[in-house]
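Here is a report on one protein chain. It covers confidence, the sheet, the helices packed on it and the nonpolar cores.

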Amino acid sequence: ALVKARKDGRGVPKDTSAEGDQEEDPRGAVKQIPVVAVEEAPSPEEDLMPKRRSDEALALLRSRVDRAEREERRQRAISTGEASAAAAFAANAVCDDNGSPTGGGLVPKKTPGDARVVSLNLWQPAADTWPRRKEALAAILRRLDPDVVACQEVRGGSASNWARELAAEVETLPHVAYVPGNRRGDDGRQSGGSAPPGWVEEGVAILSKWPLADLRTVGMPPAPRDADRNPRTTLAATVEYSTTGAKAEERRVLRVVASHLTYDRRQQCRAVATRLKPWLDELFSEEEHVSQVLLGDLNIYPDFEWPADYLTLDPALRAATGSPCDEEDVQDVEETSAQRGTPFVDAWTAVRGDDRDGWTFPNPESMNLDAARPDRVLVRSAARGVRPRRALVLGCDAVPNTPPNKPVWPSDHRLLVVDLAPVDAPEYSEEDAVPETATGRRRRSSVASPRGSSTPRQFPGGGAPEALVGSKKTAASRAADDDWETFSLHKAAGIRAPSNNNKRGAR
């Protein structure tokens with residue numbers, strides 16, 4: 001009744017009786033019923049923000065349930081032999097190009113003045129096939145002509161590692177920075193202590209056309225009893241490049257961040273909330289006019305998006321979703337408004353909309369693992385910053401000249417490619433369209449407005465959280481306000497995966 005009264009903008013009459021209402025229990029005794037008294041109802045203006053946050057949280061949670069149910073229907077269609085679903089599954093047809101890694105596929109050229117960034121997991125356990133996979137990956141990258149590539153699961157040491165070998169093969173990415181997982185962060189805290197038994201050195205790396213400056217690191221160490229013992233460190237660097245804005249050519253600076261989060265849920269929550277996000281916020285507050293681009297395998301899966309919410313939602317909206325991270329003894333560090341900055345924008349969601357496209361894992365498709373989007377490019381724009389213009393997924397084809405009965409793929413993750421335009425650059429045009437995919441569908445690559453809206457989505461200086469949430473509005477989000485079943489489901493247990501436990505236990 002109190003909630004309803006607050007929604008209606010009315011107060012609840014104050015109880016004038018000292019005794020309150022009475023009720024007789026089955027044993028005949030009279031018990032007092034406490035009365036909640038409200039002296040004065042809040043104004044409609046004061047009620048508006050909590051109501052809006054509740055609506056946004058419900059829409060967000062429902063969109064995640066919609067995706068899980070859509071994936072379940074797709075898997076059912078594949079299992080029952082439905083022709084089109086089975087054919088797409090067999091062809092691993094989820095990429096935006098319809099050619100092979102040798103260069104037959106069509107990839108749109110970069111718009112002049114844009115920066116093309118790529119997230120790429122190199123699949124460290126498949127070391128025996130690295131020479132062949134390296135050549136295939138290099139062919140894809142040469143075709144893409146990226147400006148920055150963030151790599152995860154980079155095997156080797158500081159002097160010689162897979163990132164340097166790949167850069168040498170590509171030839172257009174001469175600047176390389178690498179950090180192993182057990183490297184100490186900038187604060188002197190070691191990321192993972194001593195390496196666990198059997199650990200083969202791996203880390204993250206940044207490959208760039210432009211010189212890499214001001215290298216920074218932050219360690220994300222496991223706690224003593226954590227399941228994932230792999231040490232992990234995030235690497236950041238600044239790059240300066242020339243871009244053509246609305247008025248004239250100018251120099252811009254990006255803070256590029258390469259990260260690889262743990263696969264363990266509890267550790268993910270802790271690493272993002274207490275290590276990664278505070279570190280990024282501090283950098284953002286210190287570096288005026290420097291936009292941040294976070295790329296990497298964040299190990300985010302359909303049944304557990306919550307760690308990413310720390311980065312892409314403002315605290316009030318995240319709290320309204322009932323995040324299980326908040327129930328895992330993970331406490332937010334105290335933040336000032338300057339440190340908090342603004343949330344990141346998920347480039348894929350902002351550009352392509354909240355649909356099932358964007359799957360980067362597993363590669364190839366497998367009925368043992370749900371299609372997922374663990375690889376992300378998150379953007380936080382400064383005053384003269386950047387906005388996502390185009391987003392692509394590539395790398396679906398097997399390495400050339402491998403046996404048909406035993407194919408080898410470039411990686412078990414597909415490549416996530418994002419073009420970043422200056423915030424004052426022209427909006428979407430037909431020249432940005434992506435060629436037809438192997439399934440024959442033409443895909444949107446840079447739609448600048450939320451689905452169902454004719455109003456262009458704006459990416460102002462800092463980027464607004466509504467840019468993320470706005471694209472998640474569905475018909476279900478406009479259901480009756482009292483329908484909280486989905487919200488309760490998520491708050492109690494998170495999203496239930498449609499089939500299995502995804503990539504839990506993988507690296």
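Accessible areas come from the Shrake-Rupley method with a 1.4 Å probe. By that method the protein chain exposes about 22200 Å², and 50% of this belongs to carbon and sulfur atoms. The model is predicted.

**Overall picture**

The protein chain has 507 residues, and 53% of them count as buried. Its secondary structure comes to twelve helices and 14 strands. Among contacts with a separation of 6 or more, 77% join residues 24 or more positions apart.

Confidence varies along the chain. The average pLDDT is 75, and 65% of the residues score at least 70. Over residues 99–104 the pLDDT is below 50; this stretch has 16 contacts in the model beyond near neighbours in sequence. Residues 428–507 also stay under 50, and the model has 199 contacts for them beyond four places in sequence.

**The six-stranded sheet**

Six strands make an open sheet with mixed pairing, in the order S5-S6-S4-S3-S14-S13. Strand S5 (175–180) and strand S13 (386–394) each have a single partner strand, so one side of each lacks a neighbour in the sheet. From one strand to the next, the twist averages 20°. Strands of a sheet pair through backbone hydrogen bonds, either parallel or antiparallel.

Three of the pairings are set out here.

| Strands | Sense | Bridges | A bridge pair |
|---|---|---|---|
| S3 and S4 | parallel | five bridges | Ser119 and Ala150 |
| S4 and S6 | antiparallel | six bridges | Cys151 and Ala205 |
| S5 and S6 | antiparallel | six bridges | Val179 and Val204 |

Strand S3 spans residues 115–121, and S4 spans residues 148–155.

How many residues of S6 are buried? Seven of the seven are, so S6 is largely enclosed by the rest of the structure. Glu202, Val204, Ile206 and Ser208 point one way from S6. Gly203, Ala205 and Leu207 point the other way. Residues on both sides are buried.

**Tyr178 on the edge strand**

Tyr178 lies in strand S5. Is Tyr178 buried or exposed? Its relative accessible area is 10%; buried means under 20%, so Tyr178 counts as buried. Leaving aside neighbours within four places in sequence, its contacts include Glu202, Gly203, Val204 and Ala205. Other contacts of Tyr178 include Val154, Asn161 and Leu235. The C-alpha atoms of Tyr178 and Ala163 are 7.6 Å apart, with the two positions 15 residues apart along the chain counted as their separation.

**Ala421 in strand S14**

Ala421 belongs to strand S14. Its relative accessible area is 0%, so Ala421 is buried. Beyond neighbours within four places in sequence, Ala421 contacts Asp114, Gly385, Val386, Arg387 and Arg389. Thr243 is 178 residues away from Ala421 along the chain, yet their C-alpha atoms are separated by 8.6 Å.

**Helices across the sheet**

Which strands does helix H4 lie across? Helix H4 (residues 130–144) lies across S3, S4, S13 and strand S14 (415–422). It runs at about 20° to S14. Helix H5 (residues 162–170) lies across S3, S4, S5 and strand S6 (202–208). H5 runs at about 135° to S4.

Lys134 lies in helix H4. With a relative accessible area of 17%, Lys134 falls under the 20% cut-off, so it is buried. Apart from neighbours within four places in sequence, Lys134 is in contact with Glu165, Leu166 and Glu169.

**Nonpolar cores**

In soluble globular proteins, nonpolar side chains tend to be buried together. Here the largest nonpolar core has 34 residues. Val117, Leu254, Val377 and Leu420 touch the most other members. Strand S8 (residues 233–244) gives the most to this core, with four residues.

What does Val377 touch? Not counting residues up to four places away in sequence, Val377 touches Val117, Val293, Leu294, Leu295, Val345, Asp346, Ala347, Leu416 and Val418.

Another core, of 27 residues, lies apart from the largest one. Among its members are Cys151, Leu166, Ala167 and Leu394. Two of these have appeared above: Cys151 stands opposite Ala205 in S6, and Leu166 is in contact with Lys134.

How values were computed
Residues are numbered from 1 along each chain as its sequence is written. This is a predicted model: local features need pLDDT of at least 70, side-chain atom pairs count only at pLDDT 80 or more; totals for chains, interfaces and linings use all residues. Side-chain values use heavy atoms; hydrogens and water are left out. Two strands pair if DSSP finds at least two bridges between them. Helices (H or I, at least four residues) and strands (E, at least two) are DSSP runs, numbered from the N terminus. Axes are lines fitted to C-alpha atoms, for helices over the stretch in contact, and angles run from 0 to 180 degrees between N-to-C directions. Contact means heavy atoms within 4.5 Å. Buried means under 20% relative accessible area, exposed over 50%, partly exposed in between (1.4 Å probe, protein chains only). pLDDT is the predictor's confidence in each residue, from 0 to 100. A nonpolar core is a set of buried Ala, Val, Leu, Ile, Met, Phe, Trp, Tyr and Cys residues joined through side-chain atoms within 4.5 Å.
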